[in-house]
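Biologist: I should like a close look at a single part of this model. Please treat it in one connected account, with the cut-offs stated.

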Amino acid sequence: MTLQVIKDDLQGWTVLHVLGEVDYAVVPELREHVRRAVADGDHRIVLELTGVEFLDSTGIGTLVAARRLLRSTGGTLRLVMPSNNDHHVNRVFTALGLRRLFDVHPHLDEALCEDTPTDEDLSAAG
């Protein structure tokens with residue numbers, strides 16, 4: 001499956017819906033979507049990953065680079081992915097301990113809210 005990235009502007013956030021497989025062959029395209037959004041002045045970005053079926057190490061590197069880019073511009077990056085272990089990206093993030101690096105939400109509507117607690121906040125409270 002090829003990569004699809006669909007851009008939406010919702011509630012003051014730029015949402016990039018990422019669909020398909022994120023691997024070495026398509027990460028330049030994903031990276032370019034994030035760079036273009038930041039260059040256009042979008043500094044509140046949500047990467048909606050529920051439609052990602054596969055994520056390899058280059059995809060992880062691209063997400064880390066996106067986080068770094070947004071932080072360097074004073075922006076915010078949020079990720080949306082289901083919290084269940086059936087979702088490939090969630091399994092990868094959990095296995096590698098990456099969830100603590102990102103502002104992760106299980107649903108898009110929660111990611112768009114200003115003061116929504118992240119999965120990490122909920123884990124720390126419980």
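Which residues of α2 are buried?

Modeller: This is a predicted model, in which local features need pLDDT of at least 70 and side-chain atom pairs count only at pLDDT 80 or more, while totals for chains, interfaces and linings use all residues. Residues are numbered from 1 along each chain as its sequence is written, and side-chain values use heavy atoms, with hydrogens and water left out.

The buried residues of α2 (under 20% relative accessible area, 1.4 Å probe, protein chains only) are Gly59, Ile60, Thr62, Leu63, Ala66 and Leu70. They lie on the same side of α2, because they cover an arc of only 160° around the axis, the arc being that of the directions from the helix axis to the C-beta atoms. On the other side, Ser57, Arg68, Arg71 and Ser72 are exposed, that is, over 50%.

Helix α2 itself (a DSSP run of H or I, at least four residues; strands are E, at least two; both numbered from the N terminus) comprises 16 residues, 57–72, and reaches 22 Å from its first C-alpha to its last, close to the expected 22 Å. That expected span is 1.5 Å times one less than the number of residues. After α2 comes Gly74, whose phi is positive, near 75°.

The buried residues of α2 pack against β2 (13–22), α1 (27–39), β3 (44–55), β4 (76–80) and α3 (88–96). Leaving aside neighbours within four places in sequence, Leu47 is in contact (heavy atoms within 4.5 Å) with several residues, including Leu63, Val34 and Leu79.
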